[in-house]
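Q: Please take a close look at the aromatic rings in this chain. Tell me how they pair, and then what surrounds them.

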Amino acid sequence: MYKLVGFIIIFCSFTLRSQSLRFNPKIGFAEFDFNFEKESEVNPNILNSIGSDIRIGDRAYFINTGLHYSKDDFYNDRSQNFINQSIHFIRIPTQVGLYLTKRDGAFVMYIKGGLTNNIFLLNSGDANILNEKIARINLAGNLGFGFDLFKYANIGFDYDLELSNYFKIDPIIAKRNVYMFSVGLNFDYFKN
């Protein structure tokens, strides 16, 4: 994990030297589900996220990274005993993007794709039955598109497909599908 964070910091520091930055603080709401290899009683519900993306680049292509706090809410239904759970993560996207319209217009459209690293923080809810069963780090492929409106507002849509197992339980192989909608603001910083 430390190597990954170190790589991201070094990569960003080299990239920032002569580029423009677009900070994009945002909140997101998502619906998610698991691709289980076997039938399970875990029922996912809603993912909430808050954080900021950073788009690096002043040409048609850009690099997108950031830091987000996210919370996966779900419940476990066993014989009508509902156990509410929330799993808390730090999300770190590492993506490449392309502006489909001019970067500085009133309506800017872009696409992006890459990887999202999810780092487990803690578990909360009615019972901590899953605390030791959640993978500490999981990786997802990501594809998204978004709009910048009047340079300051942002609307985004993302799809994450889990590439690694969400749980550390041998008989259960679960990969998460996430459909996220986010809204936020843009703040630009240009290097000369």
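A: Start with the rule for a pair. Rings of Phe, Tyr and Trp, with Trp represented by its six-membered ring, pair if their centres lie within 6.5 Å. Planes under 30 degrees apart count as stacked, planes over 60 degrees as edge-to-face, and the rest as tilted. Keep in mind that this is a predicted model.

The rule gives a count of nine aromatic pairs. One of them joins Phe 62 and Tyr 110. Their centres are 5.8 Å apart, and the planes meet at 80 degrees. That angle is over 60 degrees, so the pair is edge-to-face. Phe 62 sits in strand β3, residues 61–78, and Tyr 110 in strand β5, residues 107–125. The two parts are 48 residues apart in sequence, so the pair ties together separate stretches of the chain. Phe 62 and Tyr 110 are both buried.

Now take Phe 157 and Phe 181. Their ring centres are 5.4 Å apart, with the planes at 45 degrees, so this pair is tilted. Phe 157 belongs to strand β7, residues 153–162, and Phe 181 to strand β8, residues 174–185. This pair therefore ties together parts that are 24 residues apart in sequence.

What about burial here? Phe 157 has a relative accessible area of 32%, so it is partly exposed. Phe 181 comes to 36% and is partly exposed too. Buried would require a value under 20%, and exposed one over 50%.

Phe 157 and Phe 181 also belong to a wider group. Together with Phe 107, Phe 145 and Phe 147, they form one aromatic cluster.

Back to Phe 62 and Tyr 110, where a charged side chain joins in. Arg 55 lies over the face of Phe 62, at 5.8 Å from the ring centre. Arg 55 also lies over the face of Tyr 110, here at 4.3 Å from the ring centre. Both rings of the edge-to-face pair thus have Arg 55 over a face.

Next, the loop between β6 and β7. Phe 150 is placed in this loop. It has a positive phi of about 55 degrees, although it is not a glycine. At 65% relative accessibility, which is over 50%, Phe 150 counts as exposed. Lys 151 is in the loop between β6 and β7 as well. Its phi is near 70 degrees, again a positive value in a residue other than glycine. Lys 151 has 37% relative accessibility, so it counts as partly exposed.

Strand β6 covers residues 137–149, and Asn 142 lies in it. Asn 142 has a relative accessible area of 8%, so it is buried. Its side chain makes a polar contact with the side chain of Asp 160, at 2.4 Å. Beyond its sequence neighbours within four places, Asn 142 is in contact with residues including Gln 95, Lys 112, Thr 116, Tyr 159 and Asp 160.

Leu 139 lies in strand β6 too. With a relative accessible area of 28%, Leu 139 is partly exposed. Its C-alpha atom is 6.9 Å from that of Leu 115, which lies 24 residues away along the chain. Leaving out residues up to four places away, Leu 139 touches Leu 115, Thr 116, Asn 117, Glu 162, Leu 163 and Ser 164.

Aromatic residues also appear in the nonpolar interior. The largest nonpolar core has 13 residues, and Ile 134 and Tyr 166 have the most contacts inside it. Elements giving two or more residues to this core are β1 (21–36), β4 (81–99) and β8. Ile 134 touches Phe 89, Phe 120, Tyr 166 and Phe 167, among others beyond four places in sequence.

Finally, the frame around these rings. The chain has one helix and nine strands. Along the sequence the helix precedes the strands, in the pattern α-β-β-β-β-β-β-β-β-β. Of the 192 residues, 41% count as buried. Among contacts with a separation of 6 or more, 64% come from residues 24 or more positions apart. The chain exposes about 10500 Å², and carbon and sulfur atoms supply 63% of it.

How values were computed. Residues are numbered from 1 along each chain as its sequence is written. Side-chain values use heavy atoms; hydrogens and water are left out. Helices (H or I, at least four residues) and strands (E, at least two) are DSSP runs, numbered from the N terminus. Buried means under 20% relative accessible area, exposed over 50%, partly exposed in between (1.4 Å probe, protein chains only). A polar contact is a pair of N or O atoms within 3.5 Å; within protein, one must be able to donate a hydrogen and the other to accept it, and residues adjacent in sequence count only if both atoms are side-chain atoms. Contact means heavy atoms within 4.5 Å. A charge sits over a ring if NZ of Lys or CZ of Arg is within 6 Å of the ring centre and within 35 degrees of the ring normal. A nonpolar core is a set of buried Ala, Val, Leu, Ile, Met, Phe, Trp, Tyr and Cys residues joined through side-chain atoms within 4.5 Å. Accessible areas come from the Shrake-Rupley method with a 1.4 Å probe; for residues, only the protein chains shown count as cover.
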